[in-house]
2 protein chains.
Amino acid sequence: MELSDFLLSLTPFDTDELKDITSHFEEEFIPKNMRLIEQGQVCKKLYYIKKGMVRSYYLKEDGKEITQWFFNVGKFMSSVDSFFQQRPSLYYLETLEDSVVYSISKEKMDLLFSKYHKMEQLGRLASIEMLTKVVNKLNAIQFQSARERYEYMLAEFPDISHRVPLGYIASYLGMTSETLSRIRRG
Amino acid sequence: MELSDFLLSLTPFDTDELKDITSHFEEEFIPKNMRLIEQGQVCKKLYYIKKGMVRSYYLKEDGKEITQWFFNVGKFMSSVDSFFQQRPSLYYLETLEDSVVYSISKEKMDLLFSKYHKMEQLGRLASIEMLTKVVNKLNAIQFQSARERYEYMLAEFPDISHRVPLGYIASYLGMTSETLSRIRRG
DNA sequence: ATACTTTTTTGATTTAGGTCAAAGGAAACC
DNA sequence: GGTTTCCTTTGACCTAAATCAAAAAAGTAT
């Protein structure tokens, strides 16, 4: 989906507004397995994913990677609290495929927020949408068996489940690769 | 904290705006153990907690209550996606103590959102704050031992941890009452 | 205070899923 | 094409936490 269509799906901008807003984004081509931001850095950009896929992850004390979220085509993506509060990111962001994204800096985003009332609305709606999804995952993780969690994943991200390494999905679901492998076997 | 101070802490409203906004809220006194909304109902109000405490919970298939969140004094509280999307709530909301809240209907809230650009901003900031907290909990739950999860709880809600029944906290943390009791023993 | 209900604690037992280790398979690289 | 490295699968074993059950403690109501 094009950025402008995505924006329209959340808030009824008129053509001029849309043109102005999208002009603040920059297109970037990012190859597979590139980091967009490092743990500890302040996240400077918010991204819209035009093509490809991205994950956020962090390292546990023992050095193990924990995948925290998958960001699919047609969504905003960032290390959210790092971007909005401009503090060090707890996560890495990394492309899982060759990707095309539109990026915008915090300064430009703030400018759009203050210029357009509707842009604030969009920000609010997008945040609530994200909040709903995270709460969903939390419920899935909190009291379900490993198998049920995998089924939640299949329902929530059907396309992703077979496009990324098993180990990433396992840690996203709070289980080991071995367990997920056994679940998939049946 | 008074509602107006809370609003000011997020967004710099001027006095007239603040007066108008707070006038749309209604004060309500709600005794302990009252339900503010039922699972399956559309949530009609957003609340600010002036005094007291509230929890959200849902019932698993086997009838067990799972506490999903604790809402403390000085915060907004609602069945968020039910309120904003006006669809059936997945949760109950129930007071844990005699409480005083300020409530506002969806219609009035939408009116304020469209009247004041800054109100949208406030909505966005409050959503992101909530999002950050839920993500925190998710990380705690996803890969930590029962004991570590309890320690997260002590850090995040120090005041709550000893004010509500142990069973509520246990299910909030994704463990049984027995396990939490053993953890507390030492 | 007394009886009744609900919550918490404690102990014994079970089990889902983790850990460790090693073998197959797939990608990536020269 | 053949190494090398990484990823996934499989098996054996172990452990944290669940379940079951029953006693103790704390609340609530009469």
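# A tour of the DNA strand D surface and the interface of chains A and B

Begin by selecting α7 (166-172) and α8 (177-185) of chain A, together with α8 (177-185) of chain B: each of these helices supplies at least two residues of the surface near DNA strand D. The model on display is predicted. Among these elements, colour α8(A) distinctly, as this helix gives the most to that surface, with four residues.

**The surroundings of DNA strand D**

Next, display the 15 residues that surround DNA strand D; the closest are A:Leu166, A:Ser181, A:Arg185, B:Ala146 and B:Thr179. Colouring the surface near DNA strand D by class will show four nonpolar, six polar and five charged residues. Then turn to the strand itself: of its atoms within 4 Å of the protein, 59% belong to sugar or phosphate, and the rest belong to bases.

Three individual approaches deserve a closer view.

- Select A:Gly167, where a backbone N or O atom lies 3.1 Å from a phosphate oxygen of DNA strand D.
- Select B:Thr179, which places a polar side-chain atom 2.4 Å from a phosphate oxygen of DNA strand D.
- Select A:Arg182, whose side chain has a polar atom 3.0 Å from a base nitrogen of DNA strand D.

**The interface between chain B and chain A**

Now hide the DNA and select the residues of the two protein chains that are in contact: 38 in chain B and 38 in chain A. Together the chains bury about 3300 Å², of which 64% is on carbon and sulfur atoms. Highlight B:His117, B:Arg124 and B:Phe143 at this stage, since these residues supply 21% of the area that chain B buries against chain A, more than any other three residues.

For the polar component, the count between the two chains is twelve residue pairs in polar contact, both residues being at pLDDT 80 or more. On chain B, the elements that give two or more residues to the side touching chain A are β5 (65-71), α3 (80-85), α4 (106-115), α5 (117-143) and α7 (166-172). Of these, select α5(B), which provides the largest share of that side, 18 residues. By class, the side of chain B that touches chain A comprises 18 nonpolar, 13 polar and seven charged residues.

Finally, examine the salt bridges, of which there are two between chain B and chain A. To view one of them, select A:Arg124 and B:Glu120, whose side chains meet at 2.6 Å, N to O.

Methods. Residues are numbered from 1 along each chain as its sequence is written. Chains are lettered from A and ligands numbered from 1 in the order in which they are written. This is a predicted model: local features need pLDDT of at least 70, side-chain atom pairs count only at pLDDT 80 or more; totals for chains, interfaces and linings use all residues. Side-chain values use heavy atoms; hydrogens and water are left out. Contact means heavy atoms within 4.5 Å. Buried area is the accessible area (1.4 Å probe) that two parts lose on being put together, summed over both. A salt bridge is a side-chain nitrogen of Lys or Arg within 4 Å of a carboxyl oxygen of Asp or Glu. A polar contact is a pair of N or O atoms within 3.5 Å; within protein, one must be able to donate a hydrogen and the other to accept it, and residues adjacent in sequence count only if both atoms are side-chain atoms. Ala, Val, Leu, Ile, Met, Phe, Trp, Tyr, Cys and Pro count as nonpolar, Asp, Glu, Lys and Arg as charged, and the others, Gly among them, as polar. A residue is near a molecule or strand if one of its heavy atoms lies within 4 Å of it.
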